[in-house]
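Dear colleague,

Please find the structure below, followed by a short account of what was found in it. I would be grateful if you could read the two side by side.

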Amino acid sequence: MEGQRTPIESGCPDGFQYMHPVMRKNYGDWAYHEDPRPGVLKHTARGGDAIYTVRAGTQRILDVFTLRKLCEIGDEYADGYIRFTIRSNIEYIVTDEAKVQPLIDALTKEGFVVGGTKNSVTSLSHTQGWLHCDIPGTDASGVVKSMMDELVDEFTAWNMPNRVHITTSCCQINCGGQGDIAINVQHTKPPKINHDLVSNVCERPSVVARCPVAAIRPAMVNGKPSLEVDEKKCICCGACFPPCPPMQINDAEHTKLAIWVGGNHSNARGKPTFQKLVAAGIPNNPPRWPEANAIVKRILKAYKEGAKDWERINDWIERIGWPRFFEVTNLPFTKYHVDTWRGARNSLNASTHIRF
Ligand code: SF4
Ligand code: SF4
């Protein structure tokens, strides 16, 4: 329309323009890959071309100075092409094997850690936290930083039976994904409503519709339209908080962390699996989260000692059984671990392993 500017379409640009030319040329035509050393991959194409990928961990939420530094290293020591993995690792692609070691040396000299391939613990993936999102109960990047500091030796070596993907999420309902180990926020009390703000800020029907257990009702409070929560029904999920911030559920004491294990998106060897809760009510204790860290390390130690080569965490638990998992990790098994959701009968009955 006249006088109005054309909308700028946003979204992902075409990735091919940023690809290393050898990757572009051989797209879809790779024959096999090898792992020459931790943090380095070698891919060979059917036509004989080969590329080396050097992977280093980053803190994901990158300041511009670090990003420039990483790019300078790419220009000077690699072929000028980088990409980021979903787990915030940077990858440099080179075609000349002789460039690999100087590139690793340059990264190491600047304090970056090379690793995260094959049977290592790669960087924890984390959700946006307070930087971009309006519903976090914690800052996922802080949990990630404290955990990766403790697990850095597992990032740089191939010590694990298979790769370990750890994920974090800063609310209880949205991103976070399936991980071999997942550290998720857990709210333990219903939201406390700031009635003065509800009528100014919230669309009450959307908030009512948002609740998965129909615990929210419209109500008049002090002569103003507001909401009320049936606390007996509320499952403390936090889904009402994004459309209505006055439904205050975040709480320094009652917002905890929970640890889940055995999630796997992949269907390479078996079906994808859901993660299952193994520890709850863990203090959300910044800046180093020692309690959550200790449990993750205990699970990793038991997995490293007990799993067979190439078993992922879910395969290992499937083989030894959940009772044995709780024994070897020394985690308490409580009645809260039993799925009492009314639809659980379907999933429980789907297994032939149920014994009465
Ligand atoms: S996990 Fe939840 S709070 Fe964190 S970024 Fe995703 S939606 Fe937002
Ligand atoms: S926390 Fe979840 S269950 Fe409780 S009132 Fe809000 S949306 Fe409903």
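**Ligand sites and helix α3**

The second largest cavity is occupied by ligand 1; a cavity is a set of points on a 1 Å grid over the protein atoms alone where a 1.4 Å probe fits but cannot get out, and a molecule sits in it if more than half of its atoms lie within 2 Å of its grid points. This is a predicted model, in which local features need pLDDT of at least 70 and side-chain atom pairs count only at pLDDT 80 or more, while totals for chains, interfaces and linings use all residues. Residues are numbered from 1 along each chain as its sequence is written, ligands are numbered from 1 in the order in which they are written, and side-chain values use heavy atoms, without hydrogens and water.

Around ligand 1 (a heavy atom within 4 Å) are residues including Cys133, Cys170, Cys171 and Cys175. Its shell has 6 nonpolar, 5 polar and no charged residues; Cys counts as nonpolar and Gly as polar.

Ligand 2 takes up the space of the largest cavity. It is surrounded by 14 residues, the closest being Cys211, Cys234, Cys237, Gly238 and Cys240. Of this shell, 13 are nonpolar, 1 is polar and none is charged.

In helix α3 (residues 100-109; a DSSP run of H or I, at least four residues), Val100, Leu103, Ile104, Ala106 and Leu107 are buried, that is, under 20% relative accessible area with a 1.4 Å probe, protein chains only. They lie on the same side of α3 because they cover an arc of only 160° around the axis, taken from the directions from the helix axis to the C-beta atoms.

Yours sincerely

Key
On a 1 Å grid over the protein atoms alone, a cavity is a set of points where a 1.4 Å probe fits but cannot get out, and a pocket is an open set with protein on both sides within 12 Å along at least five of seven lines; lining residues have an atom within 4 Å of a point. Buried means under 20% relative accessible area, exposed over 50%, partly exposed in between (1.4 Å probe, protein chains only). Helices (H or I, at least four residues) and strands (E, at least two) are DSSP runs, numbered from the N terminus.
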